[in-house]
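Trainee: I have a structure open and would like to go through it with you. Could we begin with the strands?

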Amino acid sequence: MATRALLYRRPYEPSTLLIKHGSQVFAIRVRRHRRARRYTLRIHPTDREAILTMPPRGTIAEAKEFAQLHGGWIAARLGRLPKAAPFHPGAVVPLRGTPHRIVHRAGERGTVWTETRDSGEKILCVAGGFDHVDRRVHDYLKREARRDLQKAAQIYAAELGVRVKRLSIRDQSSRWGSCTSAGSLSFSWRLILAPPYVLDYLAAHEVAHLVEMNHSPRFWKVVGRICPSQERAKKWLDTCGNDLHRYGIED
Ligand SMILES: [Zn+2]
């Protein structure tokens, strides 16, 4: 289901607050949310910053006080983020759950492709200039994610007798997938990093929303009917899902 973020900020308000905790200084992003009832803090896993959400009538002074009060929490949570794994040559990236080492092949034709070394090691080869390795890997993973998700969504849609109008691949960090009542599905490209049964489950989940636009027992029955790996995939996302956010970002 889609939830549209209803955000606004008063024009004269700062968009970030600086909070001091011990010897550290954190920049906190501030946003107002029309439906927020109180001040809340969360950590954005890919931007690696704290976001403070405040109610429409909240004040910046109160927001600052709230953030200051939770300085210890912010420091602990930012410190606990898994290490960033940028797409640089030598880095290891899981592709469909299988580790692949990025290898720069400057002189070769093509863009990005996979190979298996004699040692059995899987590698992701990237042609072209060094400066473009990161972007090329990103583009490749998004393309592969789209292909796998389109294929899976089509199969599930046929089984349920529904039609997917549009499928988009995004870099959303708050959710793995979403679905609108108009029949548009969108997914995080990072699902291509997870084992295939996890990507399949997300496709089944969003397609099932075309039948049941809610998370009722009826909805879960539909998912269970088309996706036997549901429980296993949910468990994987609970324990390993967060780790996918560290790939392709700079420290
Ligand atoms: Zn859902």
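Mentor: Certainly. This is a predicted model. Strand E3, residues 24-33, runs parallel to E5, and the two are paired over five bridges.

Trainee: Which residue in E5 is the bridge partner of Arg32?

Mentor: Arg32 is bridged to Met54 in E5.

Trainee: And in what sense do E4 and E5 pair?

Mentor: Strand E4, residues 40-44, pairs with E5 in the antiparallel sense, over five bridges. Within that pairing to E5, Leu41 stands opposite Leu52.

Trainee: How many residues lie between E4 and E5 in the hairpin?

Mentor: There are four residues between them, and Arg48 in the turn has a positive phi of about 55°.

Trainee: Is E5 mostly covered or mostly open?

Mentor: E5 spans residues 49-54 and is mostly covered, with five of its six residues buried.

Trainee: Let us turn to the metal. Which residues coordinate the zinc ion?

Mentor: Three histidines do so through their NE2 atoms: His205, His209 and His215, at 2.0 to 2.1 Å. The spacing of these donor residues in sequence is H-x3-H-x5-H.

Trainee: Are His209 and His215 buried or exposed?

Mentor: His209 has 2% relative accessibility, so it counts as buried, the cut-off being under 20%. His215 is partly exposed, as its relative accessible area is 44%.

Trainee: New topic: what is the volume of the second largest pocket?

Mentor: The second largest pocket holds about 370 Å³ of space. Strand E11 (177-179), helix H4 (196-208) and helix H6 (230-240) are the elements that each give two or more residues to its lining. H4 gives the most, with four residues.

Trainee: Which residues lie nearest the centre of that second largest pocket?

Mentor: Of the 18 lining residues, Ser174, Arg175, Trp176, Gly177 and Leu202 lie nearest the centre. By character, the lining of the second largest pocket divides into six nonpolar, eight polar and four charged residues.

Trainee: One last matter, the cysteines. How many disulfides are there?

Mentor: The count is zero disulfides.

Trainee: Why is Cys179 not in one?

Mentor: The closest cysteine sulfur to that of Cys179 belongs to Cys227 and is 16 Å away, which is too far for a bond. A disulfide would require the two sulfur atoms to be within 2.5 Å. Cys227 is likewise in no disulfide, the sulfur of Cys179 being the nearest to its own.

Trainee: Are these two cysteines buried or exposed?

Mentor: Cys179 counts as buried at 0% relative accessibility, and Cys227 counts as buried at 1%.

Technical notes: Residues are numbered from 1 along each chain as its sequence is written. This is a predicted model: local features need pLDDT of at least 70, side-chain atom pairs count only at pLDDT 80 or more; totals for chains, interfaces and linings use all residues. Side-chain values use heavy atoms; hydrogens and water are left out. Donors are N, O and S atoms within 2.8 Å of the metal (3.2 Å for Na, K and Ca); water is not among the atoms, so sites may look incomplete. Buried means under 20% relative accessible area, exposed over 50%, partly exposed in between (1.4 Å probe, protein chains only). On a 1 Å grid over the protein atoms alone, a cavity is a set of points where a 1.4 Å probe fits but cannot get out, and a pocket is an open set with protein on both sides within 12 Å along at least five of seven lines; lining residues have an atom within 4 Å of a point. Grid points are joined across faces, edges and corners, and a volume is the space filled by probe spheres set on the points. Ala, Val, Leu, Ile, Met, Phe, Trp, Tyr, Cys and Pro count as nonpolar, Asp, Glu, Lys and Arg as charged, and the others, Gly among them, as polar. Two strands pair if DSSP finds at least two bridges between them.
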